[in-house]
Every structure is written in structure tokens, then in C-alpha cells.
Amino acid sequence: MPPEQPDGAGDLLHSQARPPIIAIDGPGGAGKSTIARQVAERIGFVYVDTGAMYRAVTRAAIDAGLAAEDGLLSPEGVKLLAETVDIAFRRDGQTQRVLLNGIDVTQAVRQPEVERLVAHVAALPGVRRALIPQQRRMARRGGVVADGRDIGTAVLPDAECKFFITADFDTRVERRYRELCHRGRALLRSQVEADLRARDRMDETRTEGALRRAPDAVLVDTTDLTVADAVERVLSLCPGVAPRSALAGRVAPGTGAQARDSEASRS
Ligand code: DC
């Protein structure tokens with residue numbers, strides 16, 4: 001028996017005994033979360049959105065008065081909070097809910113005040129050291145798609161399939177701008193651009209868990225790809241994972257016909 005490891009890293013060594021792990025990293029606005037969620041759905045894997053975990057700690061810090069408009073008031077307090085809060089994901093039909101101490105914060109972690117502060121919270125080494133063991137525990141049994149900035153490099157370096165998803169800067173700004181407009185936010189495109197640039201800089205330069213491509217990660221540039229194409233690209237590069245539609249085609253004639261139709265319309 002291998003020695004028990006408190007952070008679950010030991011279990012990850014026995015990769016043959018469990019379904020694979022798919023690690024997806026990349027900068028904001030590249031389409032990473034959408035692709036990760038759809039890949040997970042297609043193959044029946046659990047989606048671990050690590051960005052939502054940093055957002056949940058940020059939400060908790062704001063609510064506890066440890067962070068305000070202009071920055072973190074108590075980095076030590078935020079670290080202690082990260083060590084004690086309970087963050088969980090719950091599947092609700094097509095959406096994944098984020099629970100903070102049992103309370104649904106799915107919308108609350110997407111609010112502007114969280115957007116502004118989350119990169120500062122994620123840059124605190126103490127916060128990363130509190131969340132990474134939780135992320136490893138969530139992936140312990142395999143069968144997960146985890147996305148973030150440091151999944152393939154630091155959190156789950158033994159993941160069987162690693163991707164680095166990116167797109168050119170203007171495309172990422174445009175996507176983020178459209179997404180925020182879609183959510184009803186009145187914003188200037190120039191503000192979105194400045195925020196994304198600042199976030200990129202913080203993500204790339206922090207001392208721990210900086211955004212970078214793992215040497216064995218496949219680069220997927222989504223600048224000229226649709227989400228569907230990017231999902232297919234990822235699935236095609238993950239040996240041993242069977243898309244649900246392929247399985248359905250074998251067991252359910254109705255679904256199989258639909259699958260063949262949609263296959264035909266793509267070609
Ligand atoms: O992917 P996102 O926009 O929800 O991420 C929110 C913030 O958390 C962003 O500033 C990057 C940071 N993050 C991180 O530092 N490490 C991760 N594994 C995931 C996200």
C-alpha cells in the first residue's frame with residue numbers, strides 16, 4: 001500500500017486504475033470554460049471550474065469585509081477564509097451551480113466587484129495553497145475536466161490530456177465584451193480591454209501558479225474556431241474517452257439517426 005497523502009496527490013499516481021483527467025488552461029476570454037463544460041458533458045465527466053473557486057473565496061472576502069473596491073484589506077484574513085470556507089459544485093440540468101458554505105453563489109461570483117478583485121485574491125500564495133488540495137481531491141477518482149490557469153503545470157501535472165486554449169487578444173476582448181453585454185452590463189469596450197489586459201498581466205506574473213503552457217499541453221487557438229469545432233478538437237486528442245453521442249448511437253436508434261444527421265451537416 002502506498003503511504004496515504006493528505007492532499008490526494010498519491011491517488012493521482014495510480015492513473016491506470018481510474019478514468020483519465022483532462023486539464024485545460026489558458027487566459028480569460030479564450031473560450032476555455034465553455035469548451036471545458038461542453039467536453040465534460042459530452043463524455044459524462046465532472047467539470048471542475050477552478051476559477052469559480054477563486055471567485056467564491058473573493059465573494060466570501062468581500063462579504064466578510066476583508067476586501068473592498070480598492071483592494072484587499074487583510075490578505076492574512078483572506079488566506080484564513082480560504083482555508084475554512086466550503087466550496088462545492090452541484091449539477092442542475094445544463095448548468096453547474098457553485099455553493100459557498102452551502103449557499104448558491106453562482107450569480108454572485110460573476111458580479112463586477114468579484115471580477116475586479118479576484119486576480120488579487122488568486123495571487124495570494126496562501127489562498128492557492130488552500131484551494132489546490134481541494135482541487136486535487138475533486139479530481140482524485142479521475143473522470144474530470146478541470147480548467148484554470150495552472151492545472152496542467154501545478155495542480156494536476158499527471159493529467160493524461162492537457163490543453164492550452166488561447167485566442168488573439170482582440171478576439172478575447174470582443175468575446176468578453178459580448179458576454180458581459182449579454183448579461184445586461186453597461187460597459188465600454190475600452191474598459192473591458194483594460195481589465196483583460198490587467199488580468200492577463202496579474203495571471204502571468206504572480207509568484208505561484210502563474211499562467212503558462214505546460215510543455216506537454218496541446219495548444220488550441222480558438223481565434224478562428226467555433227466552440228463546437230474546439231470541443232471536437234479536444235475530444236479527438238483524448239484517447240480512451242468516448243463521446244456520449246457515439247455511445248448513444250450504438251444503443252438508441254433514434255439518437256443514432258440524429259447523430260448521423262448532425263455528422264452529415266458538419267461535413
Ligand atoms: O477563469 P476565471 O475568469 O473564472 O478565473 C478567475 C480568476 O481566478 C482569474 O483572475 C484567474 C484566477 N485563476 C487562477 O489563478 N488559477 C486557476 N486555476 C483558475 C483561475
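In this predicted model, an N or O atom in the side chain of Asp150 lies 2.8 Å from a nitrogen atom of the ligand. A nitrogen atom of the ligand is also approached by Thr50, from which a polar side-chain atom is 3.0 Å away. Arg206, in turn, places an N or O atom of its side chain 2.7 Å from an oxygen atom of the ligand. The ligand taken alone would expose 450 Å², of which the protein buries 98%.

The surroundings of the ligand comprise 15 residues, and those that come nearest are Thr50, Arg55, Arg128, Asp150 and Arg206. By character, this shell divides into eight charged, four nonpolar and three polar residues. Three helices each supply at least two residues of the shell: H3 (50-63), H5 (112-122) and H9 (189-205). The greatest share comes from H3, which gives four residues.

Arg128, listed among the nearest residues to the ligand, falls within helix H6, which covers residues 125-139. This helix has 15 residues, and the distance from its first C-alpha to its last is 21 Å, close to the 21 Å expected at 1.5 Å a residue. Arg128 is buried, as are Gly126, Val127, Ala130, Leu131 and Ile132 of H6. Further along H6, Gln134, Gln135, Arg136 and Ala139 are likewise buried. An α-helix has 3.6 residues a turn, so residues three or four places apart point the same way. The buried residues of H6 include nonpolar side chains such as Leu131 and Ile132, and the charged residues Arg128 and Arg136 are buried as well.

Terms used:
Residues are numbered from 1 along each chain as its sequence is written. This is a predicted model: local features need pLDDT of at least 70, side-chain atom pairs count only at pLDDT 80 or more; totals for chains, interfaces and linings use all residues. Side-chain values use heavy atoms; hydrogens and water are left out. A residue is near a molecule or strand if one of its heavy atoms lies within 4 Å of it. A polar contact is a pair of N or O atoms within 3.5 Å; within protein, one must be able to donate a hydrogen and the other to accept it, and residues adjacent in sequence count only if both atoms are side-chain atoms. Accessible areas come from the Shrake-Rupley method with a 1.4 Å probe; for residues, only the protein chains shown count as cover. The expected span of a helix is 1.5 Å times one less than its number of residues. Buried means under 20% relative accessible area, exposed over 50%, partly exposed in between (1.4 Å probe, protein chains only).
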